[in-house]
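This briefing is meant for a reader who is meeting the structure for the first time. Please keep the sequence and the model at hand while going through the points below.

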Amino acid sequence: MSQKCKIIFSDKKTKILEGIADKESWFKSFKTLFFITLVSLFFFSANAQDGKALFKANCAACHALDAELTGPALRGVEARLEGTVDGSPREWLHSWIKNNIGLRESGDAYAQEVFDKYGGVPMNVFPTLSKEDINAIIDYTNEEKVVAVVSENTVEGADANISDDDSTLLILVGVAILLFIILIVLSSVWSTISGAVKEKYPELGKNLPEILPFEKRLKKSLKSTTAKIIFALVILSYISVYTFDGASKIATQEGYMPEQPIKFSHKLHVTGNKIDCKYCHVGAEKGKQAVIPSVNICMNCHKAVRVGPVHGETEIAKIYDAFENKKTVKWVKVHNLPDHVYFNHSQHVMVGNVACETCHGNVGEMEEIKQVSTLGMGWCVNCHRETKVQFKGNDFYNTYESLHEKLKNQELKDVTVDMIGGTECQKCHY
Amino acid sequence: MLKKKYWQGLRELSDKASVEAEAHNEFKEKLPVEGLLSDDLAKAPASRRDFLKTLGFSVTAATLAASCETQIRKAIPYVIKPEEITPGVANYYASTFAEGGDYCSILVKTREGRPIKIEGNDLSGLTKGGTNAKAQAAVLSLYDNGRLKHPLIKGEKATWRKVDRKIKGALAENTDKKNYIISSTILSPSTKKAIQDFIAKYPNTTHVTYDAVSCSAIIEASDISFGKKALPSYDFSKANVIASFGADFLGEWLSPIEYSKQYVQNRVPTSENPVMSRHIQYDAGMSLTASNADERHTLKGSLQALAIANLYNKIAVLAGAETVSGIAKLESHDEVLAKTASELWKNKGASLVVSNSNNTGAQVFINAINNLLENYGKSVSMNTVSFQKQGIDSEVQAMIADMSAGDVAGLFVYDCNPAYSLPNATDFKEAVSKVSLTISMNSHLDETTALMEYACPNHNFLEAWNDAAPKAGFYSLGQPAIQKLFDTRQAQESLLRWAGIETDFVDYIQAYWKENLFTKQTKYTSFQSFWTNSLRDGVFEYTVDENTTMSSLDLMEASKTISTNDNEGLEVCVYEKTGFGDGRFANNAWLQELSDPISKITWGNFIAVSPKYARETLGLDLGDLEITAERPVAKVSNEKYEIKLPVVIQPGQSDDAISIAVGYGREQGAGVQRDGLGANVYPFTTYSNGNVQSFSNVKLELTGEIEEVAQTQMQHIMESSRKDNLEERMVVLDTDLSQLGEFVEERAKDKEHIANYLKGSFYRDETGESVHKYPGHKWGMSIDLNACTGCNACSIACVAENNIPIVGKTEVTRSHEMSWIRIDRYFTGTVDNPEVVYQPMMCQHCDNAPCENVCPVNATNHSSEGLNQMAYNRCVGTRYCENNCPYKVRKFNWYDYMGADSFSSLNDGPRGENVIDRDSLNEDVLSDLTRMVLNPDVTVRARGVMEKCSFCIQRIQEAKLDAKKEGEELKDGVIKTACQQACSTGAIVFGDVNNPESEVAKLSDSERSYRVIEEVGTLPSIAYLAKVRNKSNEQEA
């Protein structure tokens, strides 16, 4: 993309020069200048973003920003090289990226050092990358680390939703405008015809009703109390619906997918290796929390499995580091409930036989874990209204004699959670 | 039938109208609106501008808070998860609470490795699952910011290595002078062995036991009569007549948890079997035990010994035994003593006489009386002796003499505070300066530790291994429930290190148990399984097969110590406040804020004077002293010492004695600021007849000053009990044993009447069936007023279980106290010697709840299991519910007492001051350390919401879930609310009233049952069982 930008840039540049030379087309060149300013603004602001794309395309196979893969971690590499290499680090990086082998052979000490440090495996050369490209990549590596990023997908998803809503709205507005135009046209046709009739056949015109021109009629009806009330009601209901809708979404994090300290892939473990959820999430059957597995659970398998298919040793090495050096792994919590909510996994998993996927979505297809449900109260209550209680075979429910009676008499088909008090406040709030 | 008059405060007797008016006003404090309404807006405390500012701020804050991105929360798992821990699931560890002589076998509930609650251990044969307020509150002391966090040398932070090197060096240098170890009562046999080992290494060392409130006389009397230096073991359940002279055996005396259980066992009469014990109390002040007595007489401390001797002579006459000559007749009590003597004699072999007298002669007489009454081997025994107090006062005094003489080189203080609690603390302080090596192993920088060169802080008991033998044959183990929080070291290990023994104390305990206890049983063949099982159970018990016989009874010798002259003048009686003890829990905010059962006063001590004394001698008007918090201040003095405290009129107080509680007036910054809270009255105790006496003559004069006391007595009172024409409204019911039959008949009629009355109402159909259906469970509770002694264990248990905020003295004064369960104390009878009924009062979970109907946002509503639910996050704080609650059990979060929100300005009081800072509560309730005690299953409520008893919904839900997971029916008795669990007498029973077989269903329908203001039609879920007294009309006849 940046290459394209560049082409446009040079193209326009020529045009500017031409434009300035031709004094007669001054206005045209002003327009061009304006356009160019816009484009270059976009270009510069988009630099780091392009750097990311370039980084992903060219470097990510061997480098990560924060982790050592085949090559070193690259975040802040420019600052790191300050004082280590001769001359400015950026220049050194340019020559290293374009042709690291050449640089090493030229006798650069640091280039040799890096080569030795990473097992004597030479880095690919990138003679095709332009100066701007390399700058973009370096700018990208200079970006500060963001701990948890709401993923692009979420943003896009949200956008798509909004545009969906917009299109409906657009159609409605369009129809309204169309109707409005038809109304105006009809009304003016009527007044023209009636005016003409009155003029030509005054006798006939007497029988015609007096019709005000459309603008006057509109003015009159807009001034009427009914119109004002209707208008107020419409505005009020719109505000209420909007507020309620917005308020119920406060602090819900549907689609939340933060970056995790270890690039753990649920897809790989669940779909690929067919590991049961509860093997790692040991609390799901026992208590409130499903529990993020402790490192020793990871080690059950990873004692043997040292290399992963995607990230090689790097990510698994983090588990080893945590296990051997007794370091904690600080996962970012994805599914958060407010403090005043009591939720117990074992109730749902053991008693309700609710599958993990019901709330957590198809985790087996997720590389990074993502919140798929709103976890809002409306969502909880809805499920409690629809879910059937596992009445049979659990003696606990014997106490609900009247319900058993109704089931027997076929007055009831099923007992849902709300029938035994599942939507009452103190089932979850205490 | 019930034309009896009940009153909670004195003013009700004199000026009913004003109390009635007060009762109507739930929110005592004036809302700061007058300012707004007044003409002079500029001077108003809250002006229109302030209002707009607040409005603007809250709108902006709410918008900001709502629009902020949700904070990133981390989930940090264990690196290596301990096998027994599942996050979110509580673990229970059996342990032992043993502080001074207080003993309780406990279970410690831990969540994610931190103790959050203490419960009674049902397996203990001694405490039988019971607890008291102190045991319940002990978990907060673990998270006390005032604890010493590392060793000190001369007040400077030091390392254990350095401390050990220096102390060992000093000990080695000293070869000729004496060393003393002074400790409070040590129940742990292994600790005693550690001390023996220390003494073996340094043979010039003596161990002295010192109890701030001592029972030396009983021990010495046992030594004289039986040749055993220990306390007898009592069984109150085997006594039909109990006579107690000053012994507060239900409150603080020796082993109250054990005694309460026994006492109540013999006090459950039915109309078919109207039998219960009779309890006669002779007491100077209105102690908890005195308030429970069937017959009570005031008797000041200095006359107690004489009264006991008189009683002996009267029984001796009845028994035909030889009387002791030279005993003056106690004219004032002659008649009642004669009656007591005859009652005791009639119940020979099934009676019990106890006394808290610290006069050895008097205790020898007590032994003689029990011997004459043939109680030994029945209600009192010297075969299984008790060790719950071991201090000998004379030994302490001898130690101080040695120290003053300069004969002492080393002083080791362990778990006692003589510089604060000795009658001659000043002598002790002086003597300390003559000792070269002074070491304190106390956990706080208290009055004594501050004098010492070395402070070697001990672990909290929840961090340490320990064992205990409160009674012969009863052993229990203590195990750590948490890693040590600070750089402290167990005192026993310190002693072992200094003695050059490097063993861990747990190995040391194991060695002791292997040697001494493993052999006492046959169940387990290997020591390992014996140890593991004992540790799991927390206790190990075996029957002691001994037969101790009385060796000698020299009553002539004993009578010499009995003073026959009645001291004219005013006497001060120094006592331990129920649930507070000797002062060691001064830093415990839960216990500080606990309302004293009788006076209902929190945060500080006071001078209790009798109504007659107040009226006639001090010229105070009784009624005026009740409603406001202000009390006149008086100076109490003797020739050496004086204090100033507020005067509180206490019905039932002896006219010639005043009572003041010990444990207050702590000087040294024991970590948390408690300066100025009450006054120390230990200096009023005297050392005479070889023991410390808890009374002495004093002068009292009003100073003209006024001080506020934080008294909850007249806060949250129920208005309906006070309507003139409705005196018979059923708030508290009590009757006499002789009238129990009639009472039960009347109750049956009442119940029928009310049932008829409710028929066809909103909540009962024409047949009397409930309109509201409770398809599954219907939770209910029954509370036996006859079993409730008012000890307050339930109140603290509720605070611990439900994260109830502590609000501080000033806030309590403003009626902002937050407890969900309160013990209402009702007086009946005369002001001078009233009878008392205790009534635990909490949310009644009415089926027709007045609070539910008035909530504009439906934040409080009814569940299908009969619970009155409170949804905090829905509450907007209108407080209509509290206004409409006839039981006054709802509490409002006037401030952010628990730090639930992040804006500290939420705690700015009406005068701009921060309500938490004002009472220096930050360290107590808001620090990260103390917040570790919070129960993670219960929401921490924010400012502006109502709260109230939830019937421990979290426990109900947990038990239901466990049953569901097992696929079993929920068994009766599985769910225990926190208050029920804590109760040592089993007064509270909780369960499913839909299940006719459940205990609670049976009790709720039993003959003594009634519901509070039942006739109003609120249909409460709590049934109370009326109190029955045994006032012995028959015996008189």
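What follows describes chain A in outline and then turns to two charged patches on the surface. The model is a predicted one, and the values given here are computed from it.

**Chain A in outline**
- Chain A is built with 20 helices and one strand, and 32% of its 430 residues count as buried.
- Among the contacts in chain A with a separation of 6 or more, 61% are made by residues 24 or more positions apart.
- The area that chain A exposes comes to about 27,900 Å², and 62% of this area is supplied by carbon and sulfur atoms.

**The positive patch**
- A patch of positive charge on the surface brings together A:Lys216, A:Lys219, A:Lys223 and A:Lys228, and its largest share, three residues, is contributed by helix α11 of chain A, which covers residues 214-223.
- One of the patch residues, A:Lys216, is located in helix α11 of chain A, and A:Lys216 counts as exposed because its relative accessibility is 51%, while the cut-off for exposed is over 50%.

**The negative patch**
- A negative patch on the surface is formed by A:Asp395, A:Glu401, A:Glu405 and A:Glu411 together with B:Glu969, so named by the chain letters A and B.
- Within this patch, A:Glu411 is found in the segment that comes after α20 (401-408) of chain A, and A:Glu411 counts as exposed because its relative accessibility is 55%.

Definitions and conventions. Residues are numbered from 1 along each chain as its sequence is written. This is a predicted model: local features need pLDDT of at least 70, side-chain atom pairs count only at pLDDT 80 or more; totals for chains, interfaces and linings use all residues. Side-chain values use heavy atoms; hydrogens and water are left out. Patches are made of residues with over 30% relative accessible area and no salt bridge: like charges are joined within 9 Å, nonpolar side chains (Val, Leu, Ile, Met, Phe, Trp, Tyr) within 5 Å. Accessible areas come from the Shrake-Rupley method with a 1.4 Å probe; for residues, only the protein chains shown count as cover. A salt bridge is a side-chain nitrogen of Lys or Arg within 4 Å of a carboxyl oxygen of Asp or Glu. Lys and Arg count as positive and Asp and Glu as negative; His and the chain ends are not counted. The place of a charge is taken as NZ of Lys, CZ of Arg, CG of Asp or CD of Glu. Helices (H or I, at least four residues) and strands (E, at least two) are DSSP runs, numbered from the N terminus. Buried means under 20% relative accessible area, exposed over 50%, partly exposed in between (1.4 Å probe, protein chains only). Contact means heavy atoms within 4.5 Å.
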